[in-house]
There are 2 protein chains.
Amino acid sequence: MENKGILIVVSGFSGAGKGTIMRALLDKYEETYALSVSATTRDPRPGEVEGREYFFRTVEEFEKMIAKEDLIEYAKYVDNYYGTPRTYVEEQLERGRDVILEIEIQGALKVKEKFPETLLLFVTPPSAAELKRRLEGRGTETPEVIASRMKRAREEAEYMDRYDYLIINDDLNECVEEMHQIIQGEHRRSYRNNAFMEHMKEDLKGE
Amino acid sequence: MENKGILIVVSGFSGAGKGTIMRALLDKYEETYALSVSATTRDPRPGEVEGREYFFRTVEEFEKMIAKEDLIEYAKYVDNYYGTPRTYVEEQLERGRDVILEIEIQGALKVKEKFPETLLLFVTPPSAAELKRRLEGRGTETPEVIASRMKRAREEAEYMDRYDYLIINDDLNECVEEMHQIIQGEHRRSYRNNAFMEHMKEDLKGE
């Protein structure tokens with residue numbers, strides 16, 4: 001089969017556990033996956049490391065990246081730019097690693113439009129009640145923040161059907177395994193294996 | 001997630017090992033899968049059992065099934081009818097089992113047209129040379145039969161890209177596991193989970 005990696009976008013409700021799943025997936029299968037690191041113009045928060053959480057850039061630097069088409073997608077949220085640098089993604093895909101972008105829905109849809117073979121995964125808890133429970137359970141959020149996250153979830157839910165697969169996060173380990181199997185299964189899609197099919201047709205003529 | 005089964009069509013080159021894979025898959029996951037048994041008007045061969053290899057029917061009985069639309073698909077090969085009885089398939093899908101039809105390409109495409117959510121899997125050896133080796137290795141086929149199988153494979157290869165997934169049969173156990181994971185992954189497709197998504201949207205409004 002082809003050895004090129006798949007571009008994967010993971011989105012999901014805030015509180016669905018995306019971050020935890022991603023870390024566990026990348027830990028368990030570090031040779032298989034590469035996580036794309038976004039660039040941003042917002043200030044680093046305490047503990048954040050350049051190149052790990054984000055590439056921190058000035059507005060001028062970021063706008064130069066836009067102009068040079070160095071970003072696969074970008075968006076502005078509340079005065080700050082966020083975007084996905086192209087070079088790293090392309091290098092990793094060429095090396096045969098599946099590259100994961102953890103981005104918002106609008107960004108996800110833009111990437112899919114530009115690269116139709118992108119795999120879109122949406123992470124959701126098993127129910128709305130469970131989502132609320134998890135947001136409250138963190139114990140660090142004010143009721144206003146929780147309410148605004150729930151409002152956002154209502155808006156985001158309208159886009160779930162634009163994703164290829166739903167990942168129901170009930171049990172972390174099962175969820176990580178499921179995501180891995182879905183992605184690996186996608187490598188067997190016929191449209192991702194045109195070279196194999198062409199080869200087979202040619203070889204059959206010779207036999 | 002939804003509990004309804006998925007209709008799966010498995011096709012592939014003669015000599016690709018479809019039959020062996022199917023038996024191993026059904027043995028290993030007997031609660032998950034049900035194999036659809038075809039009806040035919042051809043005579044039973046020694047050792048074939050009614051309801052196991054085929055449902056053996058007279059031409060009159062078979063044509064009555066066609067008239068009553070009791071068949072999901074049917075075709076005539078060399079004077080004999082072959083077809084897939086509808087009732088068993090529908091019952092098993094309702095019970096939540098994934099139903100596998102092992103049928104020819106033309107039948108597969110007819111089923112997909114009628115039921116667009118059908119999953120089409122194509123089993124192939126890793127190469128044309130390997131296909132020939134396996135056909136010769138059986139030791140039971142004349143050179144003419146092998147040549148005609150290879151000719152057929154050349155024709156069938158033109159339709160590989162109409163299938164959703166390619167299953168490369170290199171190692172039997174890996175292949176069975178891969179097929180299982182692909183099918184189970186398909187259960188997470190968003191378009192197969194409309195009820196879940198509608199529920200989630202409704203519930204989020206209530207929270």
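This is a short tutorial dialogue on reading a predicted model with two chains, A and B.

User: What should I know before I start?

Analyst: Residues are numbered from 1 along each chain as its sequence is written, and chains are lettered from A in the order in which they are written. The model is predicted, so to speak of local features we need pLDDT of at least 70, while side-chain atom pairs count only at pLDDT 80 or more and totals use all residues; side-chain values use heavy atoms, without hydrogens and water.

User: How are chain A and chain B related?

Analyst: In general, two copies of a chain are related by a rotation about an axis and a shift along it. Here, a turn of 180° and a shift of 0.0 Å along the axis lay chain A on chain B with an RMSD of 0.0 Å (least squares on C-alpha atoms with pLDDT of at least 70 in both). The two copies are thus related as by a two-fold rotation axis. In chain A, the C-alpha nearest the axis belongs to A:Gln181, 3.1 Å from it.

User: Which residues have the most contacts inside the largest nonpolar core?

Analyst: Nonpolar side chains tend to be buried together in soluble globular proteins. A nonpolar core is a set of buried Ala, Val, Leu, Ile, Met, Phe, Trp, Tyr and Cys residues joined through side-chain atoms within 4.5 Å; buried means under 20% relative accessible area with a 1.4 Å probe, protein chains only. The largest one has 104 residues, and those with the most contacts inside it include A:Phe13, A:Leu121 and B:Met179. Apart from it lies another core, of six residues, among them B:Ala39 and B:Met65.

User: How much of chain A is buried?

Analyst: Buried residues make up 47% of its 207 residues.

Notes:
Buried means under 20% relative accessible area, exposed over 50%, partly exposed in between (1.4 Å probe, protein chains only).
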